[in-house]
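Okay, thanks for coming, everyone. Let me put the chain up on the screen, and then we'll walk through one corner of it.

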Amino acid sequence: MRVRKVPTKYTLLDAEKQHDKHPGTFWIPESYDRRHLKVGDTVKLLFEPTDPALISERMWVEIIERGITRYVGVLRNDPFNLDIEYGDEVHFKPENVIDIL
């Protein structure tokens with residue numbers, strides 16, 4: 001599979017910190033589940049643009065590689081306002097996962 005690599009113009013939300021601040025309204029999957037994902041799993045991440053004029057986007061990413069503390073996936077959504085595309089490579093950590101499909 002050919003994956004397009006693009007310069008990062010976004011950050012990924014740290015879902016654990018957000019959940020700690022708002023436990024009643026910002027649900028995330030259990031830590032064990034987020035840390036034991038496998039290749040082929042699909043997760044939702046919250047992309048925050050570096051340009052403050054743009055809005056954040058929640059998008060699905062399919063895992064294609066698993067490391068000890070990080071994952072590599074490919075974007076499975078068409079972003080509305082970010083400079084990335086469906087199929088682009090995304091690097092993330094378990095603390096960035098806001099949902100698991």
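Quick bit of vocabulary before I start: when I say two strands pair, I mean DSSP finds at least two bridges between them. And just so we're clear, this is a predicted model.

So, let's begin with strand E2, residues 42-49. Six of its eight residues are buried, so E2 is largely enclosed by the rest of the structure.

Who are its partners? With E3, residues 57-66, E2 pairs in the antiparallel sense, over six bridges. Then there's E6, residues 97-100, again antiparallel to E2, over three bridges. Have a look at Lys44 here: its bridge partner in E3 is Trp60, and its bridge partner in E6 is Asp99.

E1 also pairs with E2, antiparallel, with three bridges. One residue to click on there is Tyr10, whose bridge partner in E2 is Pro49.

Now, what comes after E1? Follow the chain out of that strand, 10-12, and you get to Leu13, sitting in the loop before helix H1, which covers 15-21. Is Leu13 buried or exposed? Its relative accessible area is 9%, and the cut-off for buried is under 20%, so Leu13 counts as buried.

And what does Leu13 touch, if we skip neighbours within four places in sequence? The contacts are Gln18, Phe26, Leu46, Glu48, Glu95 and Asn96. Take Glu48: that residue is 35 residues away from Leu13 along the chain, yet their C-alpha atoms are separated by 6.7 Å.

Okay, that's my tour. Over to you folks.

Notes. Residues are numbered from 1 along each chain as its sequence is written. This is a predicted model: local features need pLDDT of at least 70, side-chain atom pairs count only at pLDDT 80 or more; totals for chains, interfaces and linings use all residues. Side-chain values use heavy atoms; hydrogens and water are left out. Helices (H or I, at least four residues) and strands (E, at least two) are DSSP runs, numbered from the N terminus. Buried means under 20% relative accessible area, exposed over 50%, partly exposed in between (1.4 Å probe, protein chains only). Contact means heavy atoms within 4.5 Å.
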